[in-house]
Amino acid sequence: MRLLTLLIIRLMAAVLLCLSVAIACLVWDAHRSIEGDVTATATRVNQRLQALYWQHMVWHNGISRGSLVPLPDWDTVETQSIISPGVCVTFALPGGDPRKLCSQVEALGPPAPAWFARLYLATLGVYPPVVRPLSIHNESAGPIVTAADQEAALRRAWKEISTVVDIAIMLAGGIAILAAAMIGHALLPARSIIGALQEIEEGHLGQRLGKFKSTEFNHIANAVNRLAATLKQTNQERMALTARLFQVQEEERRSLARDLHDEFGQALAATRALATVIEASAPDRPNIARDARAIAATQERLMGTLRTTLIRLRSQSIEELGLEASLRQLITDFNAQSKTGTIFRLQMTGRLAGLQKRVAVDLYRIVQECLTNASKHGRPTEVRVRLDHHGFGEPHVTLSVEDDGGGDSRHLSTTAGHGILGIRERLAGLGGSLQIADAPKGILISARVPLDSEGTAT
C-alpha cells in the first residue's frame, strides 16, 4: 500500500474517532441538559403550586357559588410558561382529579429516527421523574411529578445533535481533504527519492537529488547522494580492476601461447621429422614403418589441436592485423573446424579500425566466447555475428550474435556458466551492457559499448 494512501486512511480513522467522541459528548450533554430542565421545571412549578395551595387552604374551596373570588387554578398559562420545552407536570389539588400539563412538542423539531430512538434509549435509558411533595407539613396535599416527555426529549436531543453533527461532519470532511492535500504535497519529495533510487538500481549513478524543504527528506536525499557517489567510485574502481585482470589474463595467454609454440611446437615438429626418418630408414621392416606412420599421424592431430589452442590464446593478430581481419579469420576457423555443418557468418559496418586496443581485444574475446557457446551448447545450422560502429551522436559499438539452435534465454541469463559471466565482466570493464533474448529460432545476445571521440570505452 502506498504511503500516501496509508496516511490518509489513518487520518480518516483519527477524524472518525474524534467525530465519534464529539457525538458521544453531544449526546451526553443533551441528556444532561434535559435532566437539568426537568429539575429546574420541578423547582419553579413547586414554588408556584405551593402558593396556589396556600390560597386554596385560605379560601377552603371558595366562599360560595357565584363569589367574586374564584377558586385557585394551577393549570393556567402562567403555569405553562414556566415549564421547559419537552417537560410534563402531573398534579392534583386536594379533592380534585390529577391533571397533566405538558409543553408544546412540535416546536422542538422533527421526530427522531427510529434507529436513533432505539440507540439513545438503549444507551442512556429513560429520564427519571422528579417527585416533590407540595407541602412538607401536609402529606395529603399530594406530590408534584415532573418528568420529561419521551418523544419530546428524543426530538430535542435529535435536533441538537443533528445540527451540531452536520457542522462537525462538514468540518471533519474539510479538515480531512485539506490534510490529505497537505500530506500529499509534503510527500512529493518521496517520488523524487524513489526515482533516484531506481536510476541508481539501473546503473545511472550520476543522479543527484536537490534540496527539499523538509529536514528529514534532506537527510534522506543526502544519504542517497552519498550512496550514489560511493557506488560510482566503487564501480570505477571495480572496472579498473576488471580491466587490469583482463590485461593480466591476455598477458598470461600470450605467454602460454609462446611457450606452447616454442616448446610443444618444436617438439612436435621434431617428432614428425624423426618419424619420417625412421620410416625412410626401415624399408625392409614394415612393422617399424607402420609405427612411424602412426606416430606421424598422431603428430598431425596434435599439431592441429595446438594450432586451435594458439588461435584461442593469441591476440597478437588483433594488434598486427586489426579487429576486422581477426574476426574474419576467427569466423573462417570456426567454419573450418565445425563438425556439425554449422555456418558462421560475419557482418561489420563502421570505422572499427579506430577502436582502442583494449576495446578491440575485449570485443574479439566476446565474439569468440559467444561462438564457442553456440557450438558447444546447441546444434545451430547458422550463427550470425554483426558488429556496428556508430560514430554520430553518442559514439558506441553494438554487437549481436544470433543462432537458430534453440535454447531458453531466461536460463542462459541466470546461469553462472556458459561464459556469460566472463562476457558480463568484460562489458562491465568497458562500461557496456548486455542483453540476452529469445531469437525466432534460438538465442540473441546483444551488447552495447559506449565510446568517446577517440574510440575509447567510456
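E151 is partly exposed, with a relative accessible area of 43%. In this predicted model, the residue forms a salt bridge with R155, in which the closest N and O atoms lie 3.1 Å apart. The two partners are four residues apart in helix α4 (residues 150–186), so about one helical turn separates E151 from R155. Unlike a partly exposed residue, R155 falls under the 20% limit for burial, its relative accessible area being 10%.

The structure contains nine salt bridges. Another of these links R426 with D362, at a distance of 2.6 Å between the closest N and O atoms. R426 belongs to helix α12 (residues 420–430) and D362 to helix α10 (residues 357–376); the pair therefore ties together parts that are 64 residues apart in sequence. Both ends of this bridge are buried: R426 has a relative accessibility of 6%, and D362 has a relative accessible area of 5%. A further salt bridge is formed by D388 and R386, with 2.8 Å between the closest N and O atoms. Here D388 is buried at 8% relative accessible area, whereas R386 is partly exposed at 33%. In addition, R345, E382, R384 and E402 are joined into one network by salt bridges that share partners.

The cysteines were examined next. One disulfide is counted in the model, and it joins C88 to C102 with an S to S distance of 1.9 Å. The torsion about the S-S bond of C88 and C102 is about 115°, and the disulfide is therefore right-handed. Since C88 lies in strand β1 (residues 87–91) and C102 in strand β2 (residues 99–102), the pair ties together parts that are 14 residues apart in sequence. C88 is buried, with a relative accessible area of 4%, while C102 is partly exposed, with a value of 25%. As for other cysteines, C25 is partly exposed at 48% relative accessibility, and C370 is buried with a relative accessible area of 4%.

Helix packing is illustrated by α5 (residues 188–201) and α6 (residues 215–280), whose axes come within 11 Å and cross at roughly 10°. Because angles under 35 degrees count as roughly parallel, α5 and α6 are roughly parallel to each other. On the α5 side, the contact is made by P189, A190, I193, A196, L197 and I200; α6 contributes F217, I220, V224, A228 and L231. By class, the contact of α5 with α6 comprises 11 nonpolar residues, with no polar and no charged residues.

Technical notes:
Residues numbered from 1 in each chain as written. Predicted model: local features only at pLDDT ≥ 70, side-chain atom pairs only at ≥ 80, totals over all residues. Heavy atoms only, no water. Axes fitted to C-alpha atoms, helices over the stretch in contact; angles between N-to-C directions. Helix = DSSP H or I, 4+ residues; strand = E, 2+ residues; numbered from the N terminus. Parallel < 35°, antiparallel > 145°, perpendicular 65-115°, else oblique. Contact = heavy atoms within 4.5 Å. Nonpolar A, V, L, I, M, F, W, Y, C, P; charged D, E, K, R; others polar. Disulfide = S-S within 2.5 Å. Buried < 20%, exposed > 50% of the residue type's maximum accessible area, 1.4 Å probe, protein only. Salt bridge = Lys/Arg side-chain N within 4 Å of Asp/Glu carboxyl O.
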